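Q: Please take a close look at the aromatic pairs in this model. Start from the overall contacts, then work through one set of rings and its surroundings.

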Amino acid sequence: MILTVLADAAGYLRFEDLGLDPVALSLGPLQIKWYSLGYIAGIFIGWWYLLKLLAQPGAPMAKRHADDLVFYVTLGIILGGRIGYVLFYKPDMFLRPLEILKLWEGGMSFHGGLIGVVLALVYCAHKHGLNWLRVCDYVACAVPPGIFLVRLANFVNGELWGRPTTVPWAIIFPRAGPEPRHPSQLYEAAGEGVILFLILWFLFWKTDARYQPGKLVGTFALVYGLTRFGLEKVRNPDAGLEHLSWGLTMGQTLSLPLVLLGLYLVLTAKGRRQRVEPTGGSESIA
């Protein structure tokens, strides 16, 4: 059996032949990894793009609010992402709490990070007296570039690989055995990053979606949830979560509420349409 697998895999690209190194920069004992840089760059790019969105008429907050927001959102990403990873995928780590603090070893959950970000947005909106749903709309548009960069970093790390396949572009990952597999990290970078960004870009810049509270963040949740749910078919399930009793993977299970919530927000957004006042004036914009 193993000889047949090895023979069939002979013509496929091997991950190590790509020459990718998870470490971007080594400074003595200090190693800066692409995974960390992906998160950092994603936050700064998202912040920059958010300021571009806020410069348009009818923004739900001012630049000073965004500057405050980025701090709490960063905390939400880190704490929510790590706690979500442990809770959803590695609950046994609660028995070894010191390991939870070892962020440099990897292990972050998108769904956990999303919950952390939403809580941060609700707190900041309440703190400054802002419409939290419209704030979520704007922040949602700025998130996909970060997802794109982190998924690319997953690929560079040679982790979160796909299921075995015979497609011509399959890759043999050294830590995944001899079978050629889907480079599902790249699929996710395209779907959850590029395509989702383009959809939200079109809705924000070419339609009046930003004046319908919940429509943009609802679209984000709906498209991300459907994309992640579908790509779980080619993404290798996390160890120990391959066969959940209800027939779905953990990723699909966590994505279903996003799909339902997103669908609700999109379908009801028009009913929440309101006259929107610019942050620095009194004339109605829409």
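A: In this predicted model, 68% of the protein chain's contacts with a separation of 6 or more are between residues 24 or more positions apart. The secondary structure comprises ten helices and four strands. Along the sequence, the elements run α-β-β-β-α-α-α-α-α-α-β-α-α-α. The chain has 286 residues, and 46% of them are buried.

Now the rings. The whole structure holds 14 aromatic pairs. One of them joins Tyr138 and Phe204. Their ring centres lie 5.3 Å apart, and the planes meet at 90°. That angle is over 60 degrees, so the pair is edge-to-face. The two partners come from distant parts of the chain: 66 residues separate them. Tyr138 belongs to helix H6, residues 132–142. Phe204 belongs to helix H8, residues 184–206.

How accessible are these two rings' residues, Tyr138 and Phe204? Tyr138 has a relative accessible area of 0%. Phe204 also comes out at 0%. Buried means under 20%, so Tyr138 qualifies, and so does Phe204.

Phe204 has a second ring partner, Trp205. This pair is edge-to-face too, with 5.1 Å between centres and 70° between planes. Trp205 has a relative accessible area of 32%. It is therefore partly exposed, whereas Phe204 is buried. Phe204 also carries a charge over its face: Arg210 sits there, 4.6 Å from the ring centre. Phe204 thus pairs with Tyr138, pairs with Trp205 and lies under Arg210.

Ring pairs also build a separate group to look at. Phe15, Phe155, Trp161 and Phe173 are linked into a cluster.

Back to helix H6, which holds Tyr138. Trp132 is found in helix H6 as well. Its relative accessible area is 43%, so Trp132 is partly exposed. Tyr138, by contrast, is buried. Trp132 touches Val122 and Ala125, leaving out residues up to four places away in sequence. Val118 is 14 residues from Trp132 in sequence. In space, the C-alpha atoms of Trp132 and Val118 are 9.3 Å apart.

Next, helix H3, which covers residues 63–88. His65 is found in this helix. At a relative accessible area of 8%, His65 is under the 20% limit and so counts as buried. Beyond its neighbours within four places in sequence, His65 contacts His128 and Leu130.

Ile83 is also in helix H3. At 49% relative accessibility, it falls short of the exposed class, which needs over 50%, so Ile83 is partly exposed. Ile83 takes part in a nonpolar surface patch of about 660 Å². The other members are Phe71, Leu75, Ile78, Leu79, Leu87 and Phe94. Helix H3 therefore holds both buried His65 and partly exposed Ile83.

For scale, the accessible surface of the whole protein chain is about 14,800 Å². Carbon and sulfur atoms account for 68% of that surface.

To sum up the close look: Phe204 in helix H8 reaches Tyr138 in helix H6 across 66 residues of sequence. Both of these residues have a relative accessible area of 0%. Trp205, the other ring partner of Phe204, is partly exposed at 32%.

Conventions
Residues numbered from 1 in each chain as written. Predicted model: local features only at pLDDT ≥ 70, side-chain atom pairs only at ≥ 80, totals over all residues. Heavy atoms only, no water. Phe/Tyr/Trp six-rings, centres within 6.5 Å; stacked < 30°, edge-to-face > 60°. Helix = DSSP H or I, 4+ residues; strand = E, 2+ residues; numbered from the N terminus. Buried < 20%, exposed > 50% of the residue type's maximum accessible area, 1.4 Å probe, protein only. Lys NZ or Arg CZ within 6 Å of the ring centre and 35° of its normal. Contact = heavy atoms within 4.5 Å. Areas by Shrake-Rupley, 256 points an atom, 1.4 Å probe, with all protein chains shown as cover. Patch = residues over 30% accessible without salt bridge, like charges linked within 9 Å, V, L, I, M, F, W, Y side chains within 5 Å. Salt bridge = Lys/Arg side-chain N within 4 Å of Asp/Glu carboxyl O.
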